[in-house]
Each structure stands twice: as structure tokens, then as C-alpha cells.
Amino acid sequence: MRRVRDLTPYIGKQVEARIIELDKNRNNVVLSRRAFLEQTQSESRTTFLNQLQKGQVRSGVVSSIVNFGAFVDLGGVDGLVHVSELSWKHIDHPGEVVEVGDEVTVEVLEVDFERERVSLSLKATQEDPWQAFARTHTINQVVPGVVTKLVPFGAFIRVHEGIEGLVHISELAERHVEIPEQVVQVDDELFVKIIDIDLERRRISLSLKQANEGHEIEIEAFDPTQYGMAARYDAAGNFIYPEGFDSDSQEWKPGYETQREEWEKQYAQAQERFMAHKKQKAEAKAADAAATPADETAAEEVPAAE
């Protein structure tokens, strides 16, 4: 479609063109290759757009990136994936997710035939992390997290990529807490208990206080599945042992060294989390004990109302 300065390569070649001017008296005909290509492409584009439907999943290639999203070539027609449809997590620029030339799978959100525009979504083809979190976690489960933000009414904790929950100030510690900074700081790594999951409002309520409650468990008796180690169960609720492990002899079968190494790695990681949680509980208990006498003294110094 660009202007051609050197026409020499076209000499002797047969090309298709559109008649844009005809003067029979002067035996003069003006043809346009550009007009023919534009008409052909327009017809092809219209045909392609008519084949697109909302909800379809299509493959394409990222053709360009702009501040507000990424354009994807679906095979002759470019559609826009708005920045809000690139990822479930917050991103500042499309370049954080895709690059020009990337092959992607997208879902058609809308086809505007009048304006010949196609709206696409990349994140619609991926599992919602909130749905995945709700599927793999349960109420009262203790999970690791990182403090991301402190507010007057509590602390926000990132418990999974793109998922943050709130520990209300009343759930930070057993003792009375005036401000969250008395208990936690931004970037602190800690363990919290899930006390509610609201998928509709995309909110998770957490408790640091409840995560620090309960009797002490010795290392030999800890449950690795409570500290991030995957576990599978059959329809009857029976535990499914990892591939290569003999449940009768409680030993690994020969030839399953890779599976054994991976299992031991996951177990070691779960054990590290357990020990870190145990240390956290001991520190919280000591902090509550140290704060109690001061709280009682302060309460005694408050004059009674007349």
C-alpha cells in the first residue's frame, strides 16, 4: 500500500487494478493498483469480521504496543487488548505482559462492525487467580504472606500473586493495638489465618492473632499440607500417595528418584514454613505478655468518671 518510486520491477508483470478513470474519446484509461488492494482488503476485512463472535477464543500475534493496550493481529484484522484486559493483576504498562511478536491466545469481547473495531481479552483465557485461590485454600487455613500496606484500620497482606487480604486491626494481636505499626511493618513476612473469602466482592479477611493461637506442635507431628505442600484425595476422601511411593512399606520404589527428590524438596519447604510460623507464635506470645502489665497500669491510671 506504500508508494512505489521505482516501477522497473513491474515491467512485463500482470497485475490486477481498478479502473478509476475512463475517457473513450481520447482512448485513455487510468488504473489504480492501490484502489484495487484497498477494496480487496476491505472485503476481506468485512468477511473476517462477520466470522468473529463474542466469546470466541482466537490465536494471534502482538503487532504493536501502546500505552493503553496491545494490538493483536488475528490474521488480517487487528484487535485491541486494553491494558485492563491484559492481566488479572495490576500493571502500569502493557510491556510488562507482552512484547511485539508474541503469539497469544485471546477471547473476543466485542465486534463493532460500524467502526470495524475488535475488542479482545488476554486475561479471559486465563484462570481468575481469585477463583484459583478459593479452589486451593480453605477457611481457617494458615498461609504465608507479605505486608504490603498499613492503614489506620489494619494491614493488607499479599497471600498470592495479585491477591491481597486485610487483617483488621482487631485481628493483629491478643493485646490492644492502637496502630498497626505496633505489630507489623511493610515488607514483613508472616503467617496469617484465612477467616473469610468473599469471591463476589473479591475480598479476603485474614487474622494474624488467630494464626498465632493454638497449642504448640512438635516438628515430628506437623502437617505439611497446612504449609503449602500439595495433597490429593480420591472421591472417598482417601489420601493419594505420590507416584512411586509404596503406601504399604512406606518406602519409595526404585526408579522414582526424581519424584522422590521433588517430594522431599516440597516437604523441606513446608517444614521451613512450619518452623517460621512456630517462631512467629512464640514472638507474638512474648510481645503480648510484655504488653499486658503496661496496659493494666495505664488502665489503673485512668481516673474514674464522677
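Author: A residue counts as buried when its relative accessible area is under 20%, as exposed when that area is over 50%, and as partly exposed in between, using a 1.4 Å probe and protein chains only. The model is predicted, and local features need pLDDT of at least 70 while side-chain atom pairs count only at pLDDT 80 or more, although totals for chains, interfaces and linings use all residues. Residues are numbered from 1 along each chain as its sequence is written, and side-chain values use heavy atoms, with hydrogens and water left out.

Reader: How many helices and strands does the chain have?

Author: Helices (H or I, at least four residues) and strands (E, at least two) are DSSP runs, numbered from the N terminus. Counted in this way, the chain contains four helices and 16 strands.

Reader: What percentage of the 306 residues in the chain is buried?

Author: The share is taken over the whole chain, which holds 306 residues. Of these, the buried residues make up 28%.

Reader: How many aromatic pairs does the whole structure hold, and which kind do F68 and F71 form?

Author: Rings of Phe, Tyr and Trp (its six-membered ring) pair if their centres lie within 6.5 Å, and planes under 30 degrees apart count as stacked, over 60 as edge-to-face and the rest as tilted. A search of the whole structure yields eight such pairs. In the pair of F68 and F71 the centres are 6.4 Å apart and the planes make an angle of 85°, a geometry classed as edge-to-face.

Reader: Are F68 and F71 buried, exposed or partly exposed?

Author: F68 has a relative accessible area of 43%, and therefore falls in the middle class. F71 has 26% relative accessibility, so this residue, too, counts as partly exposed.

Reader: Which aromatic cluster includes F245 and W252?

Author: F245 and W252 form an edge-to-face pair, with 5.4 Å from centre to centre and 75° between the planes, and both residues are buried. The one cluster that contains them consists of Y241, F245, W252, W263 and Y267.

Reader: Over which ring does the charged end of K123 sit?

Author: A charge sits over a ring if NZ of Lys or CZ of Arg is within 6 Å of the ring centre and within 35 degrees of the ring normal. For K123 the charged end is 4.7 Å from the centre, and the ring beneath is that of W88.

Reader: Which residues does V83 touch?

Author: V83 belongs to the loop between β5 (78–82) and β6 (103–112). Contact means heavy atoms within 4.5 Å. With residues up to four places away in sequence not counted, V83 touches F68, G69, I91 and P94.

Reader: Which residue of β6 is the bridge partner of G60?

Author: Two strands pair if DSSP finds at least two bridges between them. Strand β3 (residues 57–66) and β6 run antiparallel and are joined by five bridges. In β6, the partner of G60 is V104.

Reader: Through how many residues does a hairpin join β3 to β4?

Author: β3 and strand β4 (residues 69–73) pair in the antiparallel sense over five bridges, and V61 stands opposite D73 in β4. The hairpin connects these strands through two residues.

Reader: Which residue takes a positive phi in the hairpin of β6 and β7?

Author: β6 and strand β7 (residues 117–121) pair in the antiparallel sense over five bridges, with E107 opposite S121 in β7. Four residues lie between the strands of this hairpin, and the positive phi, near 55°, is that of E116.

Reader: Which residues have the most contacts inside the largest nonpolar core?

Author: A nonpolar core is a set of buried Ala, Val, Leu, Ile, Met, Phe, Trp, Tyr and Cys residues joined through side-chain atoms within 4.5 Å. The largest core has 21 residues, and among the elements that each supply at least two of them are α2 (129–136), β8 (142–151) and β9 (154–160). Those with the most contacts inside the core are I157, V159, V184, V192 and L206.

Reader: What covers the buried residues of α2?

Author: The buried residues of α2 are P129, W130, A132 and F133. They cover an arc of only 160° around the axis, and therefore lie on the same side of α2; the arc is that of the directions from the helix axis to the C-beta atoms. What covers these buried residues includes β9, β10, β11 and β12.
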